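Work through the exercises below with the sequence and the model open. Each task is followed by a solution in steps.

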Amino acid sequence: MSKSDQRLQDEGSRRQVLIAGATAGLISRFVVAPLDVVKIRLQLQSHSLSDPLSHAGLGGSPIYKGTVGTLRHIVRHEGVTALWKGNVPAEMMYVAYASIQFTTYRSVTQLLHRAAGEDRLPHAAESFVSGAAAGATATASTYPLDLLRTRFAAQGNDRVYASLWRAVRDIRRDEGARGFFRGLTPALALIVPSMGLFFAVYEGARLPMSRLELPGGTGDAAAGMLASVVAKTGVFPLDLVRKRIQVQGPTRSRYVHKNIPEYAGTVRTIRTILEREGARGLYRGLTVSLFKAAPASAVTMWTYERTLNFLRQGDGKMGDAESI
């Protein structure tokens, strides 16, 4: 929790924000990695649990039932380490994403201040615009790592890619540079309103919650959790569409789910899912997504605030020492 009543985008230098954002992303990713793998597996499962006819032609694909059931199935058949599949590109993505996100958020806010002068936007609108710009910039910049994370998490015991380097090489060779950006359209479509809502809710809740008598002074974490749940729920169908499109291409039938349908384009993918799976198909994995998003955002914002405060205090002590 910040010691001052400054708003998030007003705190710290560019270097401090960059380091704090990278640290927050690194720690957050490791904590929620198992839930992320479970979410991706559920999102890619296109067969219905209640319709046995949809189980025809699974080709050995697993049938996951719920968050806990999926966790147990993965551990039983693939081992505990499978819960961290795709963690290397994911850690790289989270560190880069968080750094770009917080730095862009701060820079866009300062730009809005300079452009508006004294006629500043309302705090909620300013946070929404800055958050949306930060989310879009970070998503586009780190998207190839997101795609690699998804493909590694979707692998079963039969490995599609033996290593990160081979995955990059194979995708480049078989799908071209565009292959690294499959699903970018729904990713941007969801991240702009999602991050805009996240930062708007977070900024509105952070200071009031910081004044509450919460255990360990966890107002920042609670505000981050609330903001994440609100933002994630509304745009979840686009997140599922993104994951389905990310595993398209020549390796589509080689992942743990052998029966992933062929999709083309965001709108057509939504139509196909609605026709074959119904509206519920667009929300596969929502429960675990919320379980993942809430602690991930809480850990991210809690770590970010404290790392930033630590850096500011350290720089302040150095400045005082130099002035003596």
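**Exercise 1.** Is Trp84 buried, partly exposed or exposed, by its relative accessibility?

Solution. The model is a predicted one. Step one is the value: the relative accessibility of Trp84 is 29%. Step two is the cut-off: buried requires under 20%, exposed requires over 50%, and partly exposed lies in between. Trp84 therefore counts as partly exposed.

**Exercise 2.** Classify the aromatic pair formed by Phe30 and Trp84, and place both residues along the chain.

Solution. The count of aromatic pairs in the model comes to six. In the pair of Phe30 and Trp84, the distance is 6.0 Å centre to centre, with 35 degrees between the planes. Planes under 30 degrees apart count as stacked and those over 60 as edge-to-face, with the rest tilted. The Phe30 and Trp84 pair is tilted. Phe30 belongs to helix H1 (residues 14-43), whereas Trp84 sits in the loop between helix H2 (66-78) and helix H3 (87-116). The two residues are 54 residues apart, and their pair links distant parts of the chain. Phe30 has a relative accessible area of 48% and is partly exposed.

**Exercise 3.** Classify the pair formed by Phe152 and Tyr161, and state whether these residues are buried or exposed.

Solution. The ring centres of Phe152 and Tyr161 are 6.0 Å apart, and the planes stand at 50 degrees, so this pair is tilted. Both Phe152 and Tyr161 are buried.

**Exercise 4.** Describe how helices H7 and H8 are arranged, and which residues make the contact.

Solution. Take the axes to begin with: those of H7 (residues 219-246) and H8 (residues 266-277) come within 10 Å and cross at roughly 100 degrees. Angles of 65 to 115 degrees count as roughly perpendicular. H7 and H8 are therefore roughly perpendicular to each other. Next, the contact: H7 contributes Leu238, Leu240, Val241, Arg244 and Ile245, and H8 contributes Thr266, Thr269, Ile270, Ile273 and Glu277. By class, the H7 contact with H8 contains six nonpolar, two polar and two charged residues.

**Exercise 5.** Locate Thr303 and Thr103, and list what each touches beyond four places in sequence.

Solution. Thr303 lies in helix H9 (residues 286-323). With 7% relative accessibility, Thr303 counts as buried. Neighbours within four places aside, Thr303 is in contact with Thr23, Ala24 and Ile27. Thr103 lies in helix H3. Thr103 counts as buried at 15% relative accessibility. Residues up to four places away aside, Thr103 touches Arg14, Val17 and Leu18.

Definitions and conventions. Residues are numbered from 1 along each chain as its sequence is written. This is a predicted model: local features need pLDDT of at least 70, side-chain atom pairs count only at pLDDT 80 or more; totals for chains, interfaces and linings use all residues. Side-chain values use heavy atoms; hydrogens and water are left out. Axes are lines fitted to C-alpha atoms, for helices over the stretch in contact, and angles run from 0 to 180 degrees between N-to-C directions. Helices (H or I, at least four residues) and strands (E, at least two) are DSSP runs, numbered from the N terminus. Angles under 35 degrees count as roughly parallel, over 145 as roughly antiparallel, 65 to 115 as roughly perpendicular and the rest as oblique. Contact means heavy atoms within 4.5 Å. Ala, Val, Leu, Ile, Met, Phe, Trp, Tyr, Cys and Pro count as nonpolar, Asp, Glu, Lys and Arg as charged, and the others, Gly among them, as polar. Rings of Phe, Tyr and Trp (its six-membered ring) pair if their centres lie within 6.5 Å; planes under 30 degrees apart count as stacked, over 60 as edge-to-face and the rest as tilted. Buried means under 20% relative accessible area, exposed over 50%, partly exposed in between (1.4 Å probe, protein chains only).
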